[in-house]
Amino acid sequence: MTGFASSTAAEQRFNVNLSILFTELPLLERPAAAAAAGFTAVELWWPWVDSPTPAPAELDALKRAVEDAGVQLTGLNFYAGRLPGPDRGALSIPGVESERFRANIDVAADFARSLGCGALNALYGNRVEGVDPAEQDALALENLVLAARAADRIGAILLIETLNRPESPDYPLVSAAAGVAVVDRVNEATGLGNARFLMDLYHLSMNGEDLPQAISAYAEKTGHVQIADNPGRGAPGTGTLPLDDLLGQLRKSGYAGWVGLEYKPGDRPSAEAFDWLPAEARAAR
């Protein structure tokens with residue numbers, strides 16, 4: 001497997017997504033496993049797929065697991081429905097799912113604040129057959145405004161993510177331009193300026209985008225970056241994406257934020273899926 005150049009890796013701040021890596025372990029054991037692999041920062045999708053408002057004891061147990069492991073939670077998704085699974089967010093879906101998203105906003109924000117987490121990701125949600133897309137977009141903006149205000153209350157940014165059409169055919173934000181357009185609409189509506197683009201290089205590559213051009217155009221509006229190789233959504237070096245070069249371009253474009261490792265470990269334990277990254281480059285600086 002091809003590794004990153006040590007000079008490039010040393011310039012990045014990496015975190016591990018515990019909703020796609022270390023999933024062979026129970027949730028509460030994953031922060032310690034990431035720490036044992038040399039990482040000091042982690043991120044999560046909303047862990048309770050069936051509950052936007054889990055019992056306080058569940059929230060407290062996860063908080064303790066993160067703190068006891070000595071890692072920093074740097075990113076958290078709002079409730080997004082069944083993910084992994086058929087759902088891609090809840091905030092644009094009229095009815096129960098929108099209500100569940102709203103019920104989750106303060107719960108997620110308060111949990112993030114309790115751990116010093118500075119980024120909350122709001123997945124847009126799939127198109128619903130028989131519902132006017134304009135109606136969904138209006139509902140989405142209402143809910144994203146609420147989410148942006150909650151993020152601002154805890155000193156965090158709100159992230160809006162582009163996915164890819166082959167794997168998420170009903171998700172409307174399948175280009176960098178579409179994601180950034182929503183970011184701009186939210187910032188215009190709130191006046192807060194804390195909505196940012198989540199640039200997932202795997203998703204953009206699956207959409208066939210010109211990645212250097214996307215970085216050039218949108219790095220300054222990007223609040224978080226996630227990576228996986230393509231094809232396969234595996235670790236860097238398992239596919240053909242020049243991730244080392246792309247992250248170098250992001251740095252030169254002024255991006256100094258986190259790079260989330262959101263890839264599948266393959267048919268091996270997650271702890272063995274980091275051989276591309278020098279051990280000394282895993283701890284955040």
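Q: Two strands pair if DSSP finds at least two bridges between them. In this predicted model, which residue of β8 stands opposite arginine 13?
A: β1 and β8 are joined by four bridges. At least two are needed, so the strands pair. They run parallel. Opposite arginine 13 in β8 stands tryptophan 258.

Q: How far is arginine 13 from the ring centre of tryptophan 258?
A: These two residues stand opposite each other across β1 and β8. Arginine 13 also lies over the face of the tryptophan 258 ring. A charge over a ring must be within 6 Å of its centre. Here the distance is 4.2 Å.

Q: How many of the five residues of β1 are buried?
A: Strand β1 spans residues 13-17. Buried means under 20% relative accessible area. β1 is mostly covered, and its buried residues number four.

Q: Which residue of β2 is the bridge partner of asparagine 17?
A: β1 and β2 run parallel, joined by two bridges. Two bridges are enough for a pair, because the rule asks for at least two. In β2, asparagine 17 has as its bridge partner glutamate 43.

Q: Which residues of β2 point the other way from Ala41 and Glu43?
A: Strand β2 covers residues 41-44. Ala41 and Glu43 share one direction, and all four named residues are buried. Pointing the other way are Val42 and Leu44.

Q: Which residue of β3 stands opposite alanine 41?
A: Four bridges join β2 to β3, residues 72-77, and the two run parallel. Alanine 41 belongs to β2. Its opposite number in β3 is glutamine 72.

Q: Through which helix does the chain cross from β2 to β3?
A: An earlier β-α-β unit, made by β1, helix α2 and β2, is right-handed. The crossover from β2 to β3 is right-handed as well. Its helix spans residues 56-69 and is α3.

Q: Is glutamate 97 buried or exposed?
A: Glutamate 97 sits in helix α4, residues 96-114. Its relative accessibility is 19%. The cut-off is under 20%, so glutamate 97 counts as buried.

Q: Which residue's side chain makes a polar contact with that of glutamate 97?
A: Leaving aside residues up to four places away in sequence, glutamate 97 touches Tyr79, Gly81 and Ala90. The polar contact is with another residue, at 3.1 Å. That partner is arginine 100.

Q: Why is the pair of tyrosine 263 and tryptophan 276 classed as it is?
A: There are nine aromatic pairs. In this one the ring centres are 6.3 Å apart, and the planes meet at 70 degrees. The pairing limit is 6.5 Å and the angle must be over 60 degrees, so the class is edge-to-face.

Q: What is the relative accessible area of tryptophan 276?
A: Tryptophan 276 is in an aromatic cluster with Phe14, Phe22, Phe39, Tyr263 and Phe274. Tyrosine 263 is buried at 0%. Tryptophan 276 is buried too, with a relative accessible area of 1%.

Q: Which glycine just after α9 takes a positive phi?
A: Helix α9 runs over residues 243-252, and its buried residues are Leu243, Asp244, Leu246, Leu247, Gly248 and Leu250. Just after α9, a phi of about 105 degrees is found at glycine 254.

Key: Residues are numbered from 1 along each chain as its sequence is written. This is a predicted model: local features need pLDDT of at least 70, side-chain atom pairs count only at pLDDT 80 or more; totals for chains, interfaces and linings use all residues. Side-chain values use heavy atoms; hydrogens and water are left out. Buried means under 20% relative accessible area, exposed over 50%, partly exposed in between (1.4 Å probe, protein chains only). A polar contact is a pair of N or O atoms within 3.5 Å; within protein, one must be able to donate a hydrogen and the other to accept it, and residues adjacent in sequence count only if both atoms are side-chain atoms. Contact means heavy atoms within 4.5 Å. Rings of Phe, Tyr and Trp (its six-membered ring) pair if their centres lie within 6.5 Å; planes under 30 degrees apart count as stacked, over 60 as edge-to-face and the rest as tilted. A charge sits over a ring if NZ of Lys or CZ of Arg is within 6 Å of the ring centre and within 35 degrees of the ring normal. A crossover is right-handed if, with the strands pointing away from the viewer, the path from the first strand over the helix to the second runs clockwise.
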